[in-house]
Amino acid sequence: NRMEQDDDWRVRRAAVQALGELGERLPPEAVAALINRVEHDSEWEVRRAAAEALGKLGERLPPEAVAALINRVEHDSEWEVRRAAAEALGKLGERLPPEAVAALINRMEQDDDWRVRRAAVQALGELGERLPPEAVAALINRMEQDDNWHV
């Protein structure tokens, strides 16, 4: 399996991207492999591509993939991976679980990179009328206090 075993990260990234093109037709074993890449690949570009590929599942994103994306949005050292994970979670729309909402509020309030904060804001916006009061308060605070006009 090139996606998991190739020594060259560019080959692993290309395999991840190719699977991402399957979108909602992605078979369960491919979803499991993408979860493994988003959680464990040593190269951030592969982790970012895996988060983007998982995001293409939209509302079909399984709970274990949601958990992996929450972990990446909270703990990845690279802003591009945190941004991609936030965007992927946003594609769950009204199915976004409370633990993901909490992680996105945390990133929106505390991430050093404005692109991650903006992705978290946009992901929370996908909740529409289901946006919990604590998220509304956090969004108002971010709107009034963020020092970057992009957010």
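**Pro-28 and helix 3**

I started with Pro-28, which comes out as exposed, at 65% relative accessibility. This is a predicted model, so I kept that in mind throughout. Pro-28 belongs to helix 3. I then checked a pair of prolines: the C-alpha atoms of Pro-28 and Pro-62 are separated by 9.4 Å, with their places 34 residues apart along the chain.

Next I stayed in helix 3, which covers residues 28–40, and looked up Ala-30. Is Ala-30 buried or exposed? My lookup gave a relative accessible area of 8%, so Ala-30 is buried, the cut-off being under 20%. From Ala-30 I went to Val-11, 19 residues away along the chain, and got 16 Å between the C-alpha atoms.

**Salt bridges**

How many salt bridges does a search of the whole structure find? I got 13. I picked a few to look at one by one.

The first one I opened was Glu-45 with Arg-13, whose side chains meet at 2.4 Å, N to O. Glu-45 is in helix 4 (residues 44–55) and Arg-13 in helix 2 (residues 9–20), so this salt bridge ties together parts that lie 32 residues apart in sequence. I also noted the burial of Glu-45: its relative accessibility is 16%, so it counts as buried because that is under 20%.

Then I took Glu-80 and Arg-48, a salt bridge with an N to O distance of 2.3 Å. Here, distant parts of the chain are linked, with Glu-80 in helix 6 (residues 79–90) and Arg-48 in helix 4, 32 residues apart. I checked both ends for burial, and Glu-80 and Arg-48 are both buried.

Third on my list was Arg-72 with Asp-76, where the closest N and O atoms are 2.7 Å apart. Both Arg-72 and Asp-76 turned out to be buried. I also came across a network: Arg-12, Arg-37 and Asp-41 are joined by salt bridges that share partners.

A reminder to myself on the background: side chains of opposite charge can pair when their charged atoms come close.

**Helix 6: Arg-83 and Ala-85**

Back to helix 6, this time for Arg-83. Its relative accessible area is 16%, so Arg-83 is buried. Which residues is Arg-83 in contact with, once neighbours within four places in sequence are left aside? I wrote down Arg-48, Glu-52, Arg-115, Val-116 and Ala-119. Arg-48 was familiar from my salt bridge with Glu-80.

Ala-85 also has its place in helix 6. I found 0% relative accessibility there, so Ala-85 is buried. Leaving out neighbours within four places in sequence, I listed its contacts as Ala-51, Leu-69, Arg-72 and Val-73. Arg-72 is the residue I had just seen bridging to Asp-76. I also ran a distance from Ala-85 to Trp-44: 12 Å, C-alpha to C-alpha, for 41 residues of separation in sequence.

**Rings**

I searched for aromatic pairs and got 0. What sits over the ring of Trp-79? I found the charged end of Arg-115 there, 3.7 Å from the ring centre. Arg-115 had already turned up among the contacts of Arg-83.

**Ala-100 in helix 7**

I moved on to Ala-100, found in helix 7 (residues 98–110). Ala-100 has 0% relative accessibility, so I put it down as buried. Not counting residues up to four places away in sequence, Ala-100 touches Ile-70 and Leu-89. For a longer reach I checked Leu-124, which is 24 residues away from Ala-100 in sequence and 9.4 Å away in space, C-alpha to C-alpha.

**Surface patch and helix 9**

Last stop was the surface. Which residues make the nonpolar surface patch of about 280 Å²? I noted Val-136, Ile-140 and Met-143. Of these I followed up Met-143, which is in helix 9 (residues 133–145). Met-143 has 64% relative accessibility, so it counts as exposed, the cut-off being over 50%.

Definitions and conventions. Residues numbered from 1 in each chain as written. Predicted model: local features only at pLDDT ≥ 70, side-chain atom pairs only at ≥ 80, totals over all residues. Heavy atoms only, no water. Helix = DSSP H or I, 4+ residues; strand = E, 2+ residues; numbered from the N terminus. Buried < 20%, exposed > 50% of the residue type's maximum accessible area, 1.4 Å probe, protein only. Salt bridge = Lys/Arg side-chain N within 4 Å of Asp/Glu carboxyl O. Contact = heavy atoms within 4.5 Å. Patch = residues over 30% accessible without salt bridge, like charges linked within 9 Å, V, L, I, M, F, W, Y side chains within 5 Å. Areas by Shrake-Rupley, 256 points an atom, 1.4 Å probe, with all protein chains shown as cover. Phe/Tyr/Trp six-rings, centres within 6.5 Å; stacked < 30°, edge-to-face > 60°. Lys NZ or Arg CZ within 6 Å of the ring centre and 35° of its normal.
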